[in-house]
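Me: I have a structure to go through with you. Please answer my questions one by one.

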Amino acid sequence: MTSPIRTMFIRLALGAAAALSACSTHSASSPAASVAAGTDAANPLAPREGEPFLIVLGTAQDGGVPQAGAFNEPGWTDVSRQRLVVSLGLIDPATSSRWLFEATPDFRRQLWHLHAALPLQPTPGQPVLNGIFLTHAHIGHYTGLMFLGHESMGARDVPVYAMPRVREFLTGNGPWSQLVNYHNIALHDLAADQPVMLSPSLTVTPILVPHRQEFSEVVGFRIDGPRGPTRGRSVLFIPDIDSWSAWDAQGTRLETLLASVDVAYLDGTFFANGEIPGRDMSGFPHPFITATMDRLAPLPAAQRAKVRFIHLNHTNPALWPDSPARREITRRGFHVAQPFERIGLGPAPHH
Ligand SMILES: [Zn+2]
Ligand SMILES: [Zn+2]
């Protein structure tokens, strides 16, 4: 069943619209902009003009990098060592539409980056955000919704796509229930394996994932570009999962999914056991990057190259390009998601 797409708008009083537009050229001096430009230049999957695309808005685990209380982390004084919490943006220039995956504690900045990637003049009625897809109710994945509330944006009916227990959680618990009651957000139902059509060329499909279910069930998403003879790209987004074998037990094989997409953003929370000094991490509910690489090692290089690890904990050495961990990932034919990298999803429209 496909949810009807209601075109809902949030209207931002953006006094600095001109400044935002200027920043979208990526010629600005902000570190984020230069990272994005550099990444795109080296990225063969970068979108062509007019094509729908995904943009990586955050690559860190729920707590972000640097993490609260980790006073010795370099990110407190070095912006190049900061990473926003895991999130993707989806942009369709043809329909002037923008969606978010996850509403993180870094929502403010990520909404700006989404806007900078496709600046739309903030005229009345102009959509600034067409919807938010949530994977589950752990703090890094939904708490950014608070910025839609009346203390901040005072948004109106922003579509939030949620599985049944996430909906229950949001409607049944303050302060989230206030967002519902004040119509800052409008909840839209997701059902496992049921695609949501965002436009004729874009669909998003939730896939159930085994992961600690304290407050809600957990899903990942598959995001598909145009189907048919001019097939676009497909992307898998699995930021949190307990283990690949638990998924096997549910009848979902990572290898099968990987074969059916072009890019897979996979849970890379921890690089290897021993990463947190003094703790045996073997019982931690995430697959180590080393274990995922071992599992996928028999696959052809083209399959391995689709994998981009995301949701990295602040302790994960693979966060940093100059680390032995990152070099090992590269040597074995895998990738780490790069902040603000873009993945083109479909053929450019004919002019
Ligand atoms: Zn998480
Ligand atoms: Zn989680």
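Me: In what order do the seven strands of the open sheet run?
Reply: This is a predicted model, where local features need pLDDT of at least 70, side-chain atom pairs count only at pLDDT 80 or more, and totals for chains, interfaces and linings use all residues. Residues are numbered from 1 along each chain as its sequence is written, and chains are lettered from A and ligands numbered from 1 in the order in which they are written. Strands are DSSP runs of E, at least two residues, numbered from the N terminus. Pairing in the sheet is mixed, and the order is 7-8-9-10-11-12-13.

Me: Which strands stand at the edges?
Reply: Two strands pair if DSSP finds at least two bridges between them. An edge strand here has a single partner, so one side is left without a neighbour in the sheet. That holds for strand 7 (196–199) and strand 13 (335–336).

Me: Which residue of strand 11 stands opposite Phe 237?
Reply: Strand 10 covers residues 234–238 and strand 11 covers 263–267. They pair in the parallel sense over four bridges. Opposite Phe 237 stands Tyr 265.

Me: Is Ala 103 buried or exposed?
Reply: Ala 103 lies in the loop between strand 3 (97–101) and helix 3. A residue is buried with 20 or more other C-beta atoms within 10 Å of its own, exposed with 12 or fewer, and partly exposed in between; C-beta atoms are placed from the backbone. Ala 103 has 26 within 10 Å, so Ala 103 is buried.

Me: How many residues of helix 3 are buried?
Reply: A helix is a DSSP run of H or I, at least four residues. Helix 3 spans residues 107–117 and is mostly covered. Its buried residues include Phe 107 and Leu 111. Of its 11 residues, the number buried is eight.
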